[in-house]
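Student: I am new to this structure and would like a close look at one part of it, the sheet and what packs around it. Please take me through it step by step.

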Amino acid sequence: MKFLMKQNNFVQSSSPMVLTCISLVILYSIYGLGPFTDMEQKIKNREEMQKNGLVKQEKSMVTNVDWAEGGPEHHFWTNTTSCKDFKTRFAKVNTLPIRALVSYPGSGNTWVRYLIEGATGVYTGSIFNDRSILRAGHYGEGRDYKDGSTIMQKTHHRSLYLDKYKGYELKWRETHIMTFQGRAVLVVRNPYRAILSYWNFFTTQSHTNTISEHSFESFKFKDFVFTGASRWFEVINDWINMGNDVYFIFYEDLVEDPVREMRKLMDYLGFPADEGRLSCISHHLGGSFHRTVHQLTDPFTPSHHLKIRNVIEKAQEMIKEKTGRDIPIDKYEYYKT
């Protein structure tokens, strides 16, 4: 009898503890936090992601520009009466959101910069400091790309064919995307053509010259293609999965109708379209860096084709799922269905 009374007293005295345990179980089931979860670390990680722009957020719009006073100005179309007064200049520092203009090299990034500067009147920036681009009037090339005075900032992510980039693994790529707060305009070009264009630049160090076709027989070119195909896909994969405000420009669509594609971009950014500027672009499509001579023969091996076709199809699936848009594969030279 005494034992039963003691047992009953124990149960009664344990009721608050039992209720507490049940409450914790309910709490964990609702919030997904188990008793072995480091809640403090999760909170810190979430705060870090918010700070660095990896958490989904509202799209950053550019509805107007607070122009810098003074500073260099550039006129692209001085020989056309109706266009000569349009100028490109800087916004005031820290007034524009940072946004990458990212692509695999050879995808027309510099030409796209010309079109964007022509359409908006705002300089684009760059993580590089290419003096030839600076001399062509793209004065944002020499500016601190993070100072908020340019509308977009050129980067090739980690796709440059340089030894040091081999060590730029996932942590570097995450940090690079965080630098732009996850925002980007991503230019996607047929990787066959982009790789050839980059091979021309890599070998000649010129934005417009064309290399001899004998170079395609070298071991270096063969490795260049395999590396290039992987890096082309990596740019797309990383920004889709780690970015939070990414707009795609398909190079082949841009070539077909630059004004239409610029109008779409302006709409996405919330930037008012200037019909006068768009008209001038339609009459001055070339820009300063446009390679006019291209390879005529197919320099790719069967193994190259297998690799490149694979990354195209993977990218197509990812972009379609993310945006609902199709890569214009029907316009992809060398692509074998």
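Tutor: In this predicted model, 48% of the 337 residues of the chain count as buried. The chain exposes about 17,500 Å², and carbon and sulfur atoms supply 54% of that area. Its secondary structure comes to eleven helices and five strands. Among contacts with a separation of 6 or more, 76% are between residues 24 or more positions apart.

Now to the sheet. The five strands form an open sheet with parallel pairing, in the order S2-S3-S1-S4-S5. Strand S2 (125-126) and strand S5 (245-250) stand at the edges; each has a single partner strand, so one side of each is left without a neighbour in the sheet.

The pairings can be followed from S3 across to S5. S1 pairs with strand S3 (residues 153-155) in the parallel sense, over three bridges. In that pairing, alanine 100 stands opposite glutamine 153 in S3. S1 also pairs with S4, again in the parallel sense, over four bridges. Here leucine 101 stands opposite valine 185 in S4. S4 in turn pairs with S5 in the parallel sense over six bridges. Two positions show how these strands line up: leucine 186 stands opposite phenylalanine 248 in S5, and alanine 184 has valine 246 in S5 as its bridge partner.

How many residues of S4 are buried? Six of the six are, so S4 is largely enclosed by the rest of the structure. Arg183, Val185 and Val187 point one way from the strand, Ala184, Leu186 and Val188 point the other way, and all are buried. Valine 185, which faces leucine 101 in the pairing with S1, and leucine 186, which faces phenylalanine 248 in S5, therefore point in opposite ways from S4, and both are buried.

S5 stands at an edge of the sheet, yet six of its six residues are buried, so S5 too is largely enclosed by the rest of the structure. Both of its faces are covered: Asp245, Tyr247 and Ile249 are buried on one side, and Val246, Phe248 and Phe250 are buried on the other. The two S5 residues named in the pairing with S4, valine 246 and phenylalanine 248, are on one side of S5 together with Phe250.

Just before S4 comes a residue with a backbone angle worth noting. Glutamine 181 is found in the loop between helix H5 (170-179) and strand S4 (183-188). Its phi is near 55 degrees, a positive value in a residue other than glycine. Glutamine 181 is partly exposed, with a relative accessible area of 34%, whereas the residues of S4 are buried.

One of the elements packed on the sheet is helix H9 (residues 258-269). H9 lies across S4 and S5 and runs at about 175 degrees to S5. H9 also packs against H10, at an angle of about 145 degrees and with the axes 9 Å apart. The crossing of H9 and H10 is right-handed. At this contact, Val259, Met262 and Arg263 in H9 meet Glu275, Leu278, Ile281 and Ser282 in H10.

H10 leads on to the disulfide. A disulfide is a covalent bond between the sulfur atoms of two cysteines. The count in this model comes to one. Cysteine 83 and cysteine 280 form it, with their sulfur atoms 2.0 Å apart. Cysteine 83 is in the loop between helix H2 (39-52) and strand S1 (100-103), and cysteine 280 is in helix H10 (residues 275-283); they are 197 residues apart, and the pair links distant parts of the chain. The torsion about the S-S bond is about -100 degrees, so the disulfide is left-handed. Both cysteines are buried.

Glycine 118 gives a further view of the surroundings of H10. This residue is found in helix H3 (residues 109-120) and is buried, with a relative accessible area of 1%. The C-alpha atoms of glycine 118 and cysteine 280 are separated by 8.2 Å, although these residues are 162 residues apart along the chain. Leaving aside neighbours within four places in sequence, glycine 118 is in contact with Phe76, Trp77, Arg277 and Ile281. Ile281 also takes part in the packing of H10 with H9, and H9 in turn lies across S4 and S5.

Note on methods. Residues are numbered from 1 along each chain as its sequence is written. This is a predicted model: local features need pLDDT of at least 70, side-chain atom pairs count only at pLDDT 80 or more; totals for chains, interfaces and linings use all residues. Side-chain values use heavy atoms; hydrogens and water are left out. Buried means under 20% relative accessible area, exposed over 50%, partly exposed in between (1.4 Å probe, protein chains only). Contact means heavy atoms within 4.5 Å. Accessible areas come from the Shrake-Rupley method with a 1.4 Å probe; for residues, only the protein chains shown count as cover. A disulfide is a pair of cysteine sulfur atoms within 2.5 Å. Two strands pair if DSSP finds at least two bridges between them. Axes are lines fitted to C-alpha atoms, for helices over the stretch in contact, and angles run from 0 to 180 degrees between N-to-C directions. A crossing is left-handed if the near helix is turned anticlockwise from the far one by less than a right angle, and right-handed if clockwise.
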